[in-house]
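User: I am new to reading protein models, and I would like a close look at a single part. Please pick one helix, show me how covered it is, and then follow its surroundings outwards.

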Amino acid sequence: MAELPGGGARLPELLATGWRLWEEVDAGTEPSSGAPAVQEKVRQGLGALRQAAAMVAELELFSENEELEEVASADLRYLAVPALLGALTLRQVDASRRREHLEAARAHFCRFLQLCRAYGLSAAPPPAAPGAEEEEEEEEKEAGSTGARGPAAQRSLLAMAAGRQAKIERYKQKKELENRLASMRTFVDSGQADEDQIREFYLLQIQKWVNISFEEIESIDHEMVILRNRDAAKQSSAPPHGTARQVRAPLKPFILTRDVVQSKVFGAGYPSLPTMTVNDWYDQRRREEAMHGPSAPQKPSDTADEELQKQQQEKKEEEDDEEALKKARDWDDWKDTHPRGYGNRQNMG
(Lines give C-alpha, C1' and ligand atoms only; values in the text may rest on other atoms or scores of the structure.)
Protein backbone atom coordinates (compact mmCIF):
# COMPACT_ATOMS: atom_id res chain seq x y z
CA MET A 1 0.00 0.00 0.00
CA ALA A 2 1.46 3.36 -1.04
CA GLU A 3 1.93 5.90 1.74
CA LEU A 4 3.57 9.28 1.89
CA PRO A 5 6.75 9.61 3.91
CA GLY A 6 6.04 10.88 7.42
CA GLY A 7 2.79 8.95 7.87
CA GLY A 8 -0.77 10.00 7.17
CA ALA A 9 -3.61 8.42 5.20
CA ARG A 10 -2.64 5.84 2.64
CA LEU A 11 -3.33 6.27 -1.06
CA PRO A 12 -5.96 3.50 -1.41
CA GLU A 13 -7.93 4.96 1.51
CA LEU A 14 -7.81 8.46 0.06
CA LEU A 15 -8.99 7.25 -3.33
CA ALA A 16 -11.74 5.11 -1.79
CA THR A 17 -12.96 8.08 0.29
CA GLY A 18 -12.99 10.47 -2.66
CA TRP A 19 -14.69 7.93 -4.94
CA ARG A 20 -17.37 7.11 -2.34
CA LEU A 21 -18.16 10.76 -1.69
CA TRP A 22 -18.39 11.42 -5.44
CA GLU A 23 -20.88 8.55 -5.87
CA GLU A 24 -22.99 9.87 -2.98
CA VAL A 25 -23.04 13.38 -4.45
CA ASP A 26 -23.77 12.05 -7.95
CA ALA A 27 -26.63 9.89 -6.65
CA GLY A 28 -28.51 13.05 -5.75
CA THR A 29 -30.15 11.93 -2.50
CA GLU A 30 -30.34 15.56 -1.30
CA PRO A 31 -33.03 17.86 -2.80
CA SER A 32 -30.46 20.40 -3.99
CA SER A 33 -26.78 20.32 -4.92
CA GLY A 34 -26.35 23.53 -2.92
CA ALA A 35 -27.52 21.91 0.33
CA PRO A 36 -24.98 22.20 3.17
CA ALA A 37 -24.73 18.40 3.49
CA VAL A 38 -23.92 18.03 -0.22
CA GLN A 39 -21.35 20.82 -0.18
CA GLU A 40 -19.70 19.29 2.88
CA LYS A 41 -19.30 16.01 0.99
CA VAL A 42 -17.87 17.92 -1.97
CA ARG A 43 -15.37 19.66 0.29
CA GLN A 44 -14.28 16.43 1.98
CA GLY A 45 -14.04 14.58 -1.34
CA LEU A 46 -11.89 17.31 -2.87
CA GLY A 47 -9.60 17.28 0.16
CA ALA A 48 -9.09 13.51 -0.05
CA LEU A 49 -8.53 13.52 -3.81
CA ARG A 50 -6.07 16.42 -3.66
CA GLN A 51 -4.00 14.48 -1.16
CA ALA A 52 -4.23 11.44 -3.42
CA ALA A 53 -3.11 13.48 -6.45
CA ALA A 54 -0.14 14.86 -4.53
CA MET A 55 0.81 11.34 -3.43
CA VAL A 56 0.51 9.97 -7.00
CA ALA A 57 2.78 12.76 -8.26
CA GLU A 58 5.36 12.16 -5.53
CA LEU A 59 5.39 8.41 -6.10
CA GLU A 60 5.60 8.98 -9.88
CA LEU A 61 3.12 6.22 -10.62
CA PHE A 62 2.42 7.44 -14.17
CA SER A 63 4.49 8.86 -16.99
CA GLU A 64 3.57 9.82 -20.54
CA ASN A 65 6.73 8.11 -21.75
CA GLU A 66 5.84 4.56 -20.63
CA GLU A 67 3.53 1.91 -22.06
CA LEU A 68 0.27 0.74 -20.54
CA GLU A 69 1.70 -2.75 -19.93
CA GLU A 70 4.32 -1.25 -17.62
CA VAL A 71 1.65 0.04 -15.21
CA ALA A 72 0.70 -2.36 -12.43
CA SER A 73 -2.93 -3.51 -12.42
CA ALA A 74 -3.47 -2.23 -8.88
CA ASP A 75 -2.20 1.24 -9.88
CA LEU A 76 -4.52 1.68 -12.87
CA ARG A 77 -7.37 2.93 -10.65
CA TYR A 78 -5.30 5.99 -9.68
CA LEU A 79 -5.45 7.22 -13.26
CA ALA A 80 -9.01 8.41 -12.52
CA VAL A 81 -7.93 10.79 -9.73
CA PRO A 82 -7.79 13.92 -12.01
CA ALA A 83 -11.20 13.05 -13.51
CA LEU A 84 -12.74 12.67 -10.05
CA LEU A 85 -11.20 15.99 -9.04
CA GLY A 86 -12.77 17.69 -12.07
CA ALA A 87 -16.19 16.15 -11.40
CA LEU A 88 -16.27 17.26 -7.76
CA THR A 89 -14.92 20.72 -8.62
CA LEU A 90 -17.92 21.25 -10.89
CA ARG A 91 -20.27 20.50 -7.98
CA GLN A 92 -19.20 23.60 -6.06
CA VAL A 93 -21.93 26.23 -6.04
CA ASP A 94 -20.11 29.47 -5.17
CA ALA A 95 -21.48 31.77 -7.89
CA SER A 96 -18.75 34.41 -7.36
CA ARG A 97 -16.06 31.81 -8.18
CA ARG A 98 -17.92 29.92 -10.90
CA ARG A 99 -15.50 30.84 -13.69
CA GLU A 100 -12.56 29.79 -11.50
CA HIS A 101 -14.20 26.43 -10.77
CA LEU A 102 -14.94 25.83 -14.45
CA GLU A 103 -11.36 26.53 -15.46
CA ALA A 104 -9.98 24.29 -12.69
CA ALA A 105 -12.34 21.42 -13.57
CA ARG A 106 -11.44 21.70 -17.26
CA ALA A 107 -7.75 21.53 -16.41
CA HIS A 108 -8.30 18.35 -14.36
CA PHE A 109 -10.27 16.67 -17.17
CA CYS A 110 -7.66 17.65 -19.77
CA ARG A 111 -4.85 16.28 -17.60
CA PHE A 112 -6.73 12.99 -17.30
CA LEU A 113 -7.35 12.76 -21.07
CA GLN A 114 -3.70 13.52 -21.83
CA LEU A 115 -2.59 10.63 -19.62
CA CYS A 116 -5.15 8.30 -21.18
CA ARG A 117 -4.05 9.28 -24.68
CA ALA A 118 -0.41 8.72 -23.77
CA TYR A 119 -1.28 5.19 -22.66
CA GLY A 120 -3.45 4.53 -25.71
CA LEU A 121 -6.72 4.55 -23.74
CA SER A 122 -8.13 7.50 -25.70
CA ALA A 123 -7.63 8.18 -29.39
CA ALA A 124 -8.86 11.80 -29.36
CA PRO A 125 -6.85 14.63 -27.79
CA PRO A 126 -8.46 16.97 -25.23
CA PRO A 127 -10.69 19.57 -26.91
CA ALA A 128 -9.12 22.96 -27.53
CA ALA A 129 -10.19 25.81 -25.32
CA PRO A 130 -13.11 27.85 -26.74
CA GLY A 131 -11.98 30.86 -28.73
CA ALA A 132 -8.76 29.32 -30.06
CA GLU A 133 -10.22 28.85 -33.53
CA GLU A 134 -11.57 32.40 -33.57
CA GLU A 135 -8.15 33.79 -32.65
CA GLU A 136 -6.51 31.81 -35.46
CA GLU A 137 -9.08 33.07 -37.96
CA GLU A 138 -8.49 36.64 -36.86
CA GLU A 139 -4.75 36.18 -37.27
CA GLU A 140 -5.29 34.80 -40.78
CA LYS A 141 -7.46 37.79 -41.70
CA GLU A 142 -4.84 40.22 -40.40
CA ALA A 143 -2.16 38.36 -42.34
CA GLY A 144 -4.19 38.82 -45.54
CA SER A 145 -5.56 35.33 -46.08
CA THR A 146 -7.79 35.47 -49.21
CA GLY A 147 -9.15 31.91 -49.41
CA ALA A 148 -12.83 31.19 -49.18
CA ARG A 149 -12.03 29.19 -46.05
CA GLY A 150 -8.69 29.39 -44.27
CA PRO A 151 -6.90 26.52 -42.53
CA ALA A 152 -8.42 27.46 -39.18
CA ALA A 153 -11.96 27.29 -40.58
CA GLN A 154 -11.24 23.94 -42.22
CA ARG A 155 -9.82 22.55 -39.00
CA SER A 156 -12.89 23.79 -37.16
CA LEU A 157 -15.24 21.97 -39.55
CA LEU A 158 -13.19 18.78 -39.34
CA ALA A 159 -13.13 19.00 -35.55
CA MET A 160 -16.91 19.45 -35.45
CA ALA A 161 -17.46 16.41 -37.64
CA ALA A 162 -15.01 14.31 -35.64
CA GLY A 163 -16.56 15.45 -32.36
CA ARG A 164 -20.04 14.51 -33.52
CA GLN A 165 -18.88 11.05 -34.59
CA ALA A 166 -17.02 10.55 -31.32
CA LYS A 167 -20.10 11.59 -29.35
CA ILE A 168 -22.18 8.97 -31.16
CA GLU A 169 -19.58 6.29 -30.40
CA ARG A 170 -19.42 7.29 -26.74
CA TYR A 171 -23.18 7.08 -26.46
CA LYS A 172 -23.14 3.54 -27.86
CA GLN A 173 -20.41 2.49 -25.45
CA LYS A 174 -22.03 4.03 -22.38
CA LYS A 175 -24.66 1.36 -21.71
CA GLU A 176 -22.30 -1.46 -22.55
CA LEU A 177 -19.68 -0.16 -20.13
CA GLU A 178 -22.21 0.32 -17.34
CA ASN A 179 -23.52 -3.23 -17.73
CA ARG A 180 -20.05 -4.79 -17.76
CA LEU A 181 -18.90 -2.74 -14.76
CA ALA A 182 -22.00 -3.68 -12.77
CA SER A 183 -21.43 -7.39 -13.46
CA MET A 184 -17.72 -7.29 -12.51
CA ARG A 185 -17.96 -5.03 -9.44
CA THR A 186 -19.19 -7.80 -7.20
CA PHE A 187 -16.18 -10.02 -7.88
CA VAL A 188 -13.67 -7.18 -7.48
CA ASP A 189 -15.18 -5.81 -4.25
CA SER A 190 -15.43 -9.29 -2.72
CA GLY A 191 -11.78 -10.07 -3.53
CA GLN A 192 -12.64 -13.10 -5.67
CA ALA A 193 -11.38 -11.59 -8.97
CA ASP A 194 -7.97 -12.48 -10.30
CA GLU A 195 -5.43 -9.97 -11.58
CA ASP A 196 -6.69 -10.06 -15.17
CA GLN A 197 -10.25 -9.38 -14.06
CA ILE A 198 -9.08 -6.56 -11.78
CA ARG A 199 -7.10 -5.02 -14.63
CA GLU A 200 -10.06 -5.26 -17.01
CA PHE A 201 -12.36 -3.73 -14.40
CA TYR A 202 -10.07 -0.73 -13.86
CA LEU A 203 -9.61 -0.23 -17.61
CA LEU A 204 -13.40 -0.21 -18.04
CA GLN A 205 -13.67 2.42 -15.31
CA ILE A 206 -11.05 4.54 -17.04
CA GLN A 207 -12.91 4.23 -20.35
CA LYS A 208 -16.11 5.33 -18.63
CA TRP A 209 -14.37 8.42 -17.23
CA VAL A 210 -12.90 9.21 -20.64
CA ASN A 211 -16.45 9.52 -22.02
CA ILE A 212 -17.55 11.53 -18.99
CA SER A 213 -14.58 13.89 -19.37
CA PHE A 214 -15.36 14.71 -23.00
CA GLU A 215 -19.01 15.40 -22.11
CA GLU A 216 -18.08 17.59 -19.14
CA ILE A 217 -15.53 19.59 -21.14
CA GLU A 218 -18.14 20.30 -23.80
CA SER A 219 -20.59 21.43 -21.11
CA ILE A 220 -17.90 23.62 -19.49
CA ASP A 221 -17.09 25.30 -22.79
CA HIS A 222 -20.75 26.14 -23.40
CA GLU A 223 -21.11 27.61 -19.92
CA MET A 224 -17.92 29.64 -20.33
CA VAL A 225 -19.33 31.20 -23.51
CA ILE A 226 -22.51 32.13 -21.64
CA LEU A 227 -20.53 33.71 -18.80
CA ARG A 228 -18.38 35.73 -21.22
CA ASN A 229 -21.44 37.01 -23.08
CA ARG A 230 -23.09 37.96 -19.80
CA ASP A 231 -19.99 39.85 -18.62
CA ALA A 232 -19.72 41.63 -21.99
CA ALA A 233 -23.38 42.69 -21.76
CA LYS A 234 -22.83 44.07 -18.26
CA GLN A 235 -19.78 46.04 -19.37
CA SER A 236 -21.58 47.52 -22.37
CA SER A 237 -24.56 48.61 -20.26
CA ALA A 238 -22.46 50.06 -17.43
CA PRO A 239 -21.44 53.78 -17.66
CA PRO A 240 -17.80 54.51 -18.59
CA HIS A 241 -15.31 54.63 -15.75
CA GLY A 242 -15.09 58.01 -14.07
CA THR A 243 -18.33 59.34 -15.58
CA ALA A 244 -20.75 58.51 -12.83
CA ARG A 245 -24.02 60.33 -13.07
CA GLN A 246 -24.20 63.42 -10.90
CA VAL A 247 -27.26 63.81 -8.73
CA ARG A 248 -28.97 67.07 -9.65
CA ALA A 249 -31.36 69.00 -7.48
CA PRO A 250 -34.90 69.07 -8.84
CA LEU A 251 -35.69 72.17 -10.89
CA LYS A 252 -38.23 74.61 -9.46
CA PRO A 253 -41.18 75.02 -11.84
CA PHE A 254 -41.86 78.53 -13.10
CA ILE A 255 -44.17 80.30 -15.58
CA LEU A 256 -42.90 82.79 -18.13
CA THR A 257 -44.83 86.11 -18.22
CA ARG A 258 -45.49 88.13 -21.37
CA ASP A 259 -43.52 91.17 -20.35
CA VAL A 260 -42.17 93.04 -17.38
CA VAL A 261 -45.47 94.77 -16.66
CA GLN A 262 -47.39 91.50 -16.55
CA SER A 263 -44.66 90.04 -14.35
CA LYS A 264 -45.10 92.89 -11.89
CA VAL A 265 -48.89 92.54 -11.93
CA PHE A 266 -49.09 88.77 -11.55
CA GLY A 267 -45.95 88.35 -9.46
CA ALA A 268 -45.22 84.62 -9.57
CA GLY A 269 -46.80 84.32 -12.99
CA TYR A 270 -50.27 83.43 -14.21
CA PRO A 271 -52.22 82.13 -12.41
CA SER A 272 -50.99 84.27 -9.52
CA LEU A 273 -50.72 82.86 -6.04
CA PRO A 274 -53.48 84.05 -3.66
CA THR A 275 -52.34 86.24 -0.77
CA MET A 276 -55.46 85.78 1.40
CA THR A 277 -58.65 83.81 1.55
CA VAL A 278 -62.13 85.23 0.94
CA ASN A 279 -62.86 85.19 4.66
CA ASP A 280 -59.64 87.09 5.38
CA TRP A 281 -60.57 89.74 2.81
CA TYR A 282 -64.08 90.07 4.29
CA ASP A 283 -62.68 90.48 7.81
CA GLN A 284 -60.23 93.10 6.57
CA ARG A 285 -63.02 95.12 4.89
CA ARG A 286 -65.12 94.96 8.04
CA ARG A 287 -62.24 96.26 10.16
CA GLU A 288 -61.65 99.17 7.75
CA GLU A 289 -65.33 100.15 7.86
CA ALA A 290 -65.26 100.03 11.66
CA MET A 291 -62.22 102.32 11.75
CA HIS A 292 -63.38 104.91 9.15
CA GLY A 293 -67.12 104.68 9.60
CA PRO A 294 -69.64 103.73 6.97
CA SER A 295 -68.49 104.81 3.56
CA ALA A 296 -70.45 107.46 1.69
CA PRO A 297 -72.88 106.21 -0.93
CA GLN A 298 -71.00 105.72 -4.09
CA LYS A 299 -71.93 107.69 -7.13
CA PRO A 300 -73.62 105.86 -9.90
CA SER A 301 -71.10 104.27 -12.05
CA ASP A 302 -70.22 105.74 -15.43
CA THR A 303 -71.42 102.51 -16.93
CA ALA A 304 -74.90 103.93 -17.57
CA ASP A 305 -73.48 106.90 -19.51
CA GLU A 306 -71.32 104.66 -21.57
CA GLU A 307 -74.29 102.42 -22.33
CA LEU A 308 -76.39 105.44 -23.41
CA GLN A 309 -73.65 106.71 -25.72
CA LYS A 310 -73.32 103.29 -27.24
CA GLN A 311 -77.07 103.09 -27.96
CA GLN A 312 -77.06 106.52 -29.58
CA GLN A 313 -74.11 105.60 -31.77
CA GLU A 314 -75.86 102.41 -32.91
CA LYS A 315 -79.03 104.37 -33.71
CA LYS A 316 -77.06 106.89 -35.74
CA GLU A 317 -75.36 104.15 -37.69
CA GLU A 318 -78.72 102.57 -38.46
CA GLU A 319 -80.07 105.94 -39.76
CA ASP A 320 -76.98 106.44 -41.91
CA ASP A 321 -77.45 102.99 -43.29
CA GLU A 322 -81.05 103.75 -44.29
CA GLU A 323 -80.03 106.97 -46.06
CA ALA A 324 -77.20 105.20 -47.91
CA LEU A 325 -79.60 102.42 -48.89
CA LYS A 326 -82.11 104.97 -50.30
CA LYS A 327 -79.40 106.64 -52.39
CA ALA A 328 -78.29 103.30 -53.80
CA ARG A 329 -81.84 102.39 -54.81
CA ASP A 330 -82.40 105.79 -56.53
CA TRP A 331 -79.19 105.34 -58.49
CA ASP A 332 -80.31 101.91 -59.67
CA ASP A 333 -83.65 103.33 -60.85
CA TRP A 334 -81.94 106.13 -62.74
CA LYS A 335 -79.64 103.69 -64.55
CA ASP A 336 -82.65 101.70 -65.67
CA THR A 337 -84.17 104.71 -67.50
CA HIS A 338 -80.90 106.27 -68.79
CA PRO A 339 -78.69 104.17 -71.06
CA ARG A 340 -74.93 104.24 -70.79
CA GLY A 341 -73.38 107.41 -72.27
CA TYR A 342 -76.56 109.44 -71.85
CA GLY A 343 -75.84 113.22 -71.82
CA ASN A 344 -72.41 112.95 -73.40
CA ARG A 345 -72.61 115.32 -76.34
CA GLN A 346 -68.99 116.41 -76.69
CA ASN A 347 -67.81 113.42 -78.74
CA MET A 348 -70.74 113.13 -81.11
CA GLY A 349 -69.91 111.63 -84.48
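Analyst: Let's begin with the word "buried": a residue is buried when its relative accessible area is under 20%, exposed when it is over 50%, and partly exposed in between, using a 1.4 Å probe and protein chains only. Helices are DSSP runs of H or I with at least four residues, strands are runs of E with at least two, and both are numbered from the N terminus. This is a predicted model, in which local features need pLDDT of at least 70 and side-chain atom pairs count only at pLDDT 80 or more, while totals for chains, interfaces and linings use all residues. Residues are numbered from 1 along each chain as its sequence is written, and side-chain values use heavy atoms, with hydrogens and water left out.

Our helix is α3. Of its 10 residues, 10 are buried, so α3 is mostly covered by the cut-off above. They are Val81, Pro82, Ala83, Leu84, Leu85, Gly86, Ala87, Leu88, Thr89 and Leu90. What lies over them? The cover includes α1, α2, α4 and α7, where contact means heavy atoms within 4.5 Å.

Now to a pocket that α3 helps to line. On a 1 Å grid over the protein atoms alone, a pocket is an open set of points where a 1.4 Å probe fits, with protein on both sides within 12 Å along at least five of seven lines; its lining residues have an atom within 4 Å of a point. The second largest pocket holds about 350 Å³ of space, a volume being the space filled by probe spheres set on the points, which are joined across faces, edges and corners. Along with α3, the helices α1 (11-27), α6 and α7 each give at least two residues to this lining. Helix α7 gives the most, with five. Altogether 16 residues line the pocket, and those nearest its centre are Trp22, Asp26, Lys208, Trp209 and Ile212.

Helix α7 also carries asparagine 211, which is buried at 7% relative accessible area. Leaving aside residues up to four places away in sequence, asparagine 211 touches Arg170, Gln173 and Leu177. Between the C-alpha atoms of asparagine 211 and glutamine 173 the separation is 8.8 Å, although their positions lie 38 residues apart along the chain.

The neighbouring helices take part in salt bridges too. A salt bridge is a side-chain nitrogen of Lys or Arg within 4 Å of a carboxyl oxygen of Asp or Glu, and the count comes to 15. One of them joins arginine 180 and glutamate 200, at 2.7 Å from N to O. Arginine 180 sits in α6 (residues 151-190) and glutamate 200 in α7 (residues 195-237), so this pair ties together parts 20 residues apart in sequence. Both are partly exposed, arginine 180 at 33% and glutamate 200 at 33%.

On the α4 side, arginine 111 pairs with glutamate 64, with closest N and O atoms 3.1 Å apart. This pair links distant parts of the chain, 47 residues apart: arginine 111 in α4 (residues 98-118) and glutamate 64 in the loop between α2 and α3 (81-90).

Within α2 (residues 36-59), glutamate 40 and arginine 43 form another salt bridge, at 2.4 Å. They are three residues apart, which means about one helical turn separates them. Glutamate 40 is partly exposed at 32%, whereas arginine 43 is exposed at 51%.
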